[in-house]
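Okay, thanks everyone, I'll keep this short. Have a look at the structure on the screen, and I'll walk you through what I pulled out of it.

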Amino acid sequence: MIQYTTKLYIIEFNYKGKDITVEYNFTKAELGYLNGTGTFDGVEIEKVLVDNTDVTRLLHYDFIREIENITKDKHLGNL
């Protein structure tokens, strides 16, 4: 049985010289609790805003992945 929770969060940080706002879902799932594979923590970006303008559709895949990693680290307190 996989148990997970999602909740919408908003975070602001400086990315490549621009102040951006990221609206995201943070997912914490218990994967394979009985076989010992541990937990999964993940971030799914809903919107990326620059100066209150949604630029999510304009961002390249690599930038989205990088923003997801930064957002996840900030959410978990690693940055």
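Let me start with salt bridges. If you search the whole structure, you get 1 salt bridge. Which residues form it? It's glutamate 68 with arginine 65, and the closest N and O atoms are 2.3 Å apart. Both residues sit in helix H1, 3 residues apart, so about one turn of the helix. How covered are the two partners, buried or exposed? Glutamate 68 has a relative accessible area of 14%, which is under 20%, so that one is buried. Arginine 65 comes out at 34%, so it counts as partly exposed.

Now, before I go on, keep in mind that this is a predicted model. The mean pLDDT of the chain is 82, with 76% of the residues at 70 or more. Element by element, strand S1, residues 3-15, has the lowest mean pLDDT, at 79. At the other end, strand S4, residues 53-54, has the highest, at 93.

Okay, the overall layout. We've got 1 helix and 4 strands in the chain. Going from the N terminus, the order is β-β-β-β-α. The chain has 79 residues, and 27% of them count as buried. On the surface side, about 5,900 Å² is exposed, and carbon and sulfur atoms supply 50% of that. For the contact-map people: take the contacts with a separation of 6 or more, and 40% of those are between residues 24 or more positions apart.

So what's in the middle? The largest nonpolar core has 13 residues. Among those with the most contacts inside it are Phe13, Ile20, Val22, Tyr24, Ile45, Val48 and Ile67. And which elements feed into this core? S1, strand S2 (18-30), strand S3 (39-50) and H1 each supply at least two residues. S2 gives the most, with 4 residues.

Let me zoom in on one of those, valine 22. Leaving out residues up to four places away in sequence, valine 22 touches Tyr9, Ile10, Ile11, Phe13, Ile45, Lys47, Ile67 and Thr71.

Lysine 47 is on that list, so let's go there next. Lysine 47 is in strand S3, and at 35% relative accessibility it counts as partly exposed. With the same sequence filter, lysine 47 touches Thr21, Val22, Glu23, Asp54 and Thr56. If you want a distance to check, the C-alpha atoms of lysine 47 and threonine 21 are 8.1 Å apart, and those two are 26 residues apart along the chain.

Another residue in S3 is glycine 42. Buried or exposed? Glycine 42 is buried, with a relative accessible area of 9%. Its contacts, again not counting residues up to four places away, are Asn25, Phe26 and Thr27. There's also a C-alpha distance here: glycine 42 to asparagine 69 is 8.9 Å, with their positions 27 residues apart along the chain.

Back to one of the contacts of lysine 47, which is threonine 56. Threonine 56 lies in the loop between S4 and helix H1 (61-76). Even so, it's a loop residue that counts as buried, at 17% relative accessibility. What does its side chain reach? The backbone nitrogen of valine 48, at 2.7 Å. And the contact list for threonine 56, with the usual sequence filter, is Glu46, Lys47, Val48 and Ile64. Val48, remember, is also one of the core residues I listed.

Last stop, backbone angles. As a reminder, most residues other than glycine have a negative phi. Where do we get positive values here? Aspartate 51 has phi near 50°, and it's a residue other than glycine. Asparagine 52 is also not a glycine, and its phi is positive, about 65°. Aspartate 51 lies in the loop between S3 and S4, and asparagine 52 is found in that loop too. As for cover, aspartate 51 is exposed, with a relative accessible area of 68%, and asparagine 52 counts as exposed at 76%.

That's what I had. Happy to scroll around the structure if anyone wants to look at a particular spot.

Notes
Residues are numbered from 1 along each chain as its sequence is written. This is a predicted model: local features need pLDDT of at least 70, side-chain atom pairs count only at pLDDT 80 or more; totals for chains, interfaces and linings use all residues. Side-chain values use heavy atoms; hydrogens and water are left out. pLDDT is the predictor's confidence in each residue, from 0 to 100. Buried means under 20% relative accessible area, exposed over 50%, partly exposed in between (1.4 Å probe, protein chains only). A polar contact is a pair of N or O atoms within 3.5 Å; within protein, one must be able to donate a hydrogen and the other to accept it, and residues adjacent in sequence count only if both atoms are side-chain atoms. Contact means heavy atoms within 4.5 Å. A salt bridge is a side-chain nitrogen of Lys or Arg within 4 Å of a carboxyl oxygen of Asp or Glu. A nonpolar core is a set of buried Ala, Val, Leu, Ile, Met, Phe, Trp, Tyr and Cys residues joined through side-chain atoms within 4.5 Å. Accessible areas come from the Shrake-Rupley method with a 1.4 Å probe; for residues, only the protein chains shown count as cover.
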